[in-house]
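User: Could you walk me through this model, one feature at a time? I'd like the cut-offs along the way.

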Amino acid sequence: MKAVTKVRGKKAKIDTSELTLEEKLLGIDRVTKVVKGGRHLRFRASVVVGDGQGHVGFGLAKAAAVPEAVRKAGTVAKKRVIEVPIKGGTIPHEILAKFGASKILLKPAAPGTGLIVGSAARAILELAGIKDAIGKSFGGPSKINVAKATIVALSNLRKSEEAANQPALTDVTAGEAQKGKVDETE
């Protein structure tokens, strides 16, 4: 399976004014920039917002004070809300996404399984309203890259009707399928 690196297709702009969004703080980091006069200290906040019914967003912002950074990150997250297709409390199909050095693999799970993923991806999936999913993160452990990879994965999910219309290639590369060298006796 090839990793998805960017959002495919046009996504409709979602009006967040009628949604009741819940905020969750992923982390606050102290960042410094070395300048001629010394070190310039700032705070970086990462925030996830979601309504638990298929809408989720991720925001990242810096400011001189922690409350201001959290407020700015929340505003950014509300501007970047995406719609996530949910099928029976889980995701409709398996997906692998990549952002930076981080990759994340998300798989649908049976009802009652719960969320078996890392902390950054768990926060995003919970606020999106997904109750059952299995995930594994590969590559870089950066919380921000894992969160952004999770958002890329969720935004590239197809609804079950769309997935039924498009045939999927399994265990065969696209080049072999086009050449007709597929051995179906196995």
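User: Let's start with Leu 106: which residues is it in contact with, beyond its sequence neighbours?

Analyst: Contact here means heavy atoms within 4.5 Å. Leaving aside neighbours within four places in sequence, Leu 106 is in contact with Ile 91, His 93, Glu 94, Ile 95, Val 117, Leu 125, Ile 134, Gly 135, Thr 150, Ala 153 and Leu 154.

User: Before we go on, what kind of model is this, and how is it numbered?

Analyst: It's a predicted model, where local features need pLDDT of at least 70, side-chain atom pairs count only at pLDDT 80 or more, and totals for chains, interfaces and linings use all residues. Side-chain values use heavy atoms, with hydrogens and water left out, and residues are numbered from 1 along each chain as its sequence is written.

User: Which element gives the largest share of the largest nonpolar core?

Analyst: A nonpolar core is a set of buried Ala, Val, Leu, Ile, Met, Phe, Trp, Tyr and Cys residues joined through side-chain atoms within 4.5 Å. Leu 106 is among the members that touch the most others in this core of 32 residues, along with Val 56, Val 84, Leu 125, Ile 130 and Leu 154. At least two residues each come from β3, β5, β6, α2 and α3 (143-155); helices (H or I, at least four residues) and strands (E, at least two) are DSSP runs numbered from the N terminus. The largest share, eight residues, comes from α3.

User: And how many residues are in the other core?

Analyst: That other core lies apart from the largest one, and Val 47, Val 49, Ala 73 and Val 81 are among its members. Its size is eleven residues.

User: Is His 93 buried or exposed?

Analyst: His 93 sits in the loop between β4 and β5. Not counting residues up to four places away in sequence, His 93 touches Leu 106, Pro 108, Leu 157 and Arg 158. Its side chain also reaches the backbone nitrogen of Arg 158 at 3.0 Å. The cut-offs are under 20% relative accessible area for buried, over 50% for exposed and partly exposed in between, with a 1.4 Å probe and protein chains only, so at 17% His 93 is buried.

User: Which strands are at the edges of the mixed sheet?

Analyst: Two strands pair if DSSP finds at least two bridges between them. The mixed sheet is open, with four strands in the order β5-β6-β8-β7. Each edge strand pairs on one side only, and these are β5 and β7 (115-116).

User: What angle does α3 make with β6?

Analyst: Helix α3 packs on that sheet, touching β5, β6 and β8. Axes are lines fitted to C-alpha atoms, for helices over the stretch in contact, and angles run from 0 to 180 degrees between N-to-C directions. For α3 and β6, that gives about 45°.

User: What phi does Gly 100 have in the hairpin turn?

Analyst: Strands β5 (residues 95-99) and β6 (residues 102-108) pair antiparallel over five bridges, with Phe 99 opposite Ser 102. Two residues lie between the strands of this hairpin, and the phi of Gly 100 in the turn is positive, about 65°.

User: Now the antiparallel sheet: why do β1 and β4 each have a side without a neighbour?

Analyst: This open sheet has four strands in the order β1-β2-β3-β4. One side of β1 and of β4 (82-83) has no neighbour in the sheet because both stand at the edges, each with a single partner strand.

Methods. Polar contact = N/O pair within 3.5 Å; in protein donor to acceptor, adjacent residues only side chain to side chain.
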